[in-house]
Amino acid sequence: MDVKELIEKLDLKVLCGEDFSKNINGCYCGDLLSWVMSRAQEGDIWLTVMGNINSIGVAVLADVACIVLTENAALDADALNRAKQNDVIILQTEKNSYQMAAAISQLI
Amino acid sequence: MEEVKLHYDVNAYDFTCAGEASGKLKRSLKDLGFDASLVRRVAIAVYEAEINMVIHAEGGVIDSTITPECITVVLADKGPGIPDVELAMQEGYSTAPENVRSLGFGAGMGLPNIKKYTDEMTIDTEIGVGTTITLKIYNR
Ligand SMILES: Nc1ncnc2c1ncn2[C@@H]1O[C@H](COP(=O)(O)OP(=O)(O)OP(=O)(O)O)[C@@H](O)[C@H]1O
Ligand SMILES: [Mg+2]
């Protein structure tokens, strides 16, 4: 499955990103950055409520497929700029991380 | 490939830049043709050390030396030093203040992550003088 399919199937809002052809391998949930940094796998969907610039740094370095901000968590302006510069895909949903993860597990 | 040396300055308390040096290093290593999983290991380790310089010290400098066999990164700060390195290396130990915890830091996983992703890690630290962390990752 690629990110495009994820967006369509789960009706996610796109906050940043243009190319949605990235492949998805799995999913990781967490808000503590160094935890995510070491445990998230390349190509994971990352579910979090952290929409600050540091999340973008982690997404870039850990090579996640995309960030999904759950519970409509806000994305800072700084974070959006950094995400644009680094081609990080950021999506948003009103669902919480549990609901989102459960929905994703039906797809992958 | 010749030996490549890259230098980065890390600003104090500047979270808007934090992660920039490790991001740049990551891109350079990719461009030099290193294997993606090796690049990822370097990036994660250097990110954690870079963020620590921002949160716990007053910024610092990063110097990396890249050869086909080995990537060496030295991160030096003039911060407060680490009183008990063994304790600081334990998973979950953190002195991060509340304001940075709300940004997602403070799990106490940074130093253990560095250990996990590098082949060699040494910490030289002196109270009131600063901390220098040296990382080595071999390309094999
Ligand atoms: N460069 C440094 N200067 C002074 N103290 C440091 C430095 N790096 C780490 N420390 C100390 O070691 C502790 C553990 O560091 P570690 O990176 O493992 O966790 P953290 O930075 O507190 O949280 P996390 O990295 O999970 O966001 C820190 O809380 C701090 O007390
Ligand atoms: Mg840390």
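Helices, with at least four residues, and strands, with at least two, are DSSP runs, numbered from the N terminus. With that in mind, the loops and packed elements of this predicted model can be toured one by one.

A good place to begin is A:Asp11, which sits in the loop between H1 and strand S1 (13-16) of chain A. Most residues other than glycine have a negative phi. A:Asp11, however, has a positive phi of about 55 degrees although it is not a glycine. With a relative accessible area of 65%, A:Asp11 is exposed. A second residue of chain A, A:Asn72, also departs from the usual sign: its phi is positive, at about 50 degrees, and it is not a glycine. A:Asn72 belongs to the loop between strand S4 (66-69) and helix H4 (77-85) of chain A. Its relative accessibility is 43%, and A:Asn72 therefore counts as partly exposed.

A:Asn72 also appears among the contacts of A:Thr93. A:Thr93 is placed in the loop between strand S5 (90-92) and helix H5 (97-107) of chain A, and at 3% relative accessibility it is buried. Once neighbours within four places in sequence are set aside, A:Thr93 touches A:Leu12, A:Val68, A:Leu69, A:Thr70, A:Glu71, A:Asn72 and A:Met100.

Another buried residue of chain A is A:Val3, with a relative accessibility of 0%. A:Val3 lies in helix H1 of chain A. Apart from neighbours within four places in sequence, its contacts are A:Phe20, A:Lys22, A:Ile24, A:Ala65, A:Cys66, A:Ile89 and A:Leu91. Along the chain, A:Val3 and A:Ala83 are 80 residues apart, and their C-alpha atoms are separated by 16 Å.

Helix H1 of chain A also offers a neat example of charge pairing. Side chains of opposite charge can pair when their charged atoms come close. Here, A:Glu8 and A:Lys4 join their side chains in a salt bridge, with an N to O distance of 3.2 Å. How are these two residues spaced along helix H1 (residues 3-10) of chain A? A:Glu8 and A:Lys4 are four residues apart, so about one helical turn separates them. In an α-helix there are 3.6 residues a turn, so residues three or four places apart point the same way. As for their surroundings, A:Glu8 is exposed, at a relative accessible area of 54%, whereas A:Lys4 is partly exposed, at 46%.

Over all chains, the count of salt bridges comes to seven. In chain B, one of them joins the side chains of B:Glu3 and B:Lys5, at 3.7 Å from N to O. B:Glu3 counts as partly exposed, with 49% relative accessibility, while B:Lys5 is exposed, with a relative accessible area of 57%.

A further salt bridge in chain B pairs B:Arg41 with B:Asp119, whose closest N and O atoms are 3.4 Å apart. B:Arg41 is in helix H2 of chain B, and B:Asp119 is in the loop between helix H5 (110-117) and strand S4 (120-126) of chain B, so this pair ties together parts that are 78 residues apart in sequence. Both residues are partly exposed: B:Arg41 has a relative accessible area of 24%, and B:Asp119 has a relative accessibility of 31%. The pair also belongs to a network of salt bridges that links B:Arg41, B:Asp119 and B:Arg140.

H2 of chain B has a helical partner as well. Helix H1 (residues 20-31) of chain B packs with helix H2 (residues 36-55) of chain B at an angle of about 160 degrees, and their axes are 8 Å apart. That angle makes H1(B) roughly antiparallel to H2(B), because angles over 145 degrees count as roughly antiparallel. The crossing of H1(B) past H2(B) is right-handed. On the H1(B) side, the contact involves B:Glu20, B:Ala21, B:Ser22, B:Leu25, B:Lys26, B:Leu29 and B:Lys30, which meet B:Val39, B:Val42, B:Ala43, B:Val46, B:Tyr47 and B:Glu50 in H2(B). Together, the residues of this contact comprise eight nonpolar, one polar and four charged.

Finally, how is H5(B) placed relative to the rest of the structure? Six of its eight residues are buried, so H5(B) is largely enclosed by the rest of the structure. These buried residues are B:Gly110, B:Leu111, B:Pro112, B:Asn113, B:Ile114 and B:Tyr117. They pack against helix H2 (33-39) of chain A, and also against H2, helix H3 (85-88), S4 and strand S5 (130-138) of chain B.

Note on methods: Residues are numbered from 1 along each chain as its sequence is written. Chains are lettered from A and ligands numbered from 1 in the order in which they are written. This is a predicted model: local features need pLDDT of at least 70, side-chain atom pairs count only at pLDDT 80 or more; totals for chains, interfaces and linings use all residues. Side-chain values use heavy atoms; hydrogens and water are left out. Axes are lines fitted to C-alpha atoms, for helices over the stretch in contact, and angles run from 0 to 180 degrees between N-to-C directions. Angles under 35 degrees count as roughly parallel, over 145 as roughly antiparallel, 65 to 115 as roughly perpendicular and the rest as oblique. A crossing is left-handed if the near helix is turned anticlockwise from the far one by less than a right angle, and right-handed if clockwise. Contact means heavy atoms within 4.5 Å. Ala, Val, Leu, Ile, Met, Phe, Trp, Tyr, Cys and Pro count as nonpolar, Asp, Glu, Lys and Arg as charged, and the others, Gly among them, as polar. A salt bridge is a side-chain nitrogen of Lys or Arg within 4 Å of a carboxyl oxygen of Asp or Glu. Buried means under 20% relative accessible area, exposed over 50%, partly exposed in between (1.4 Å probe, protein chains only).
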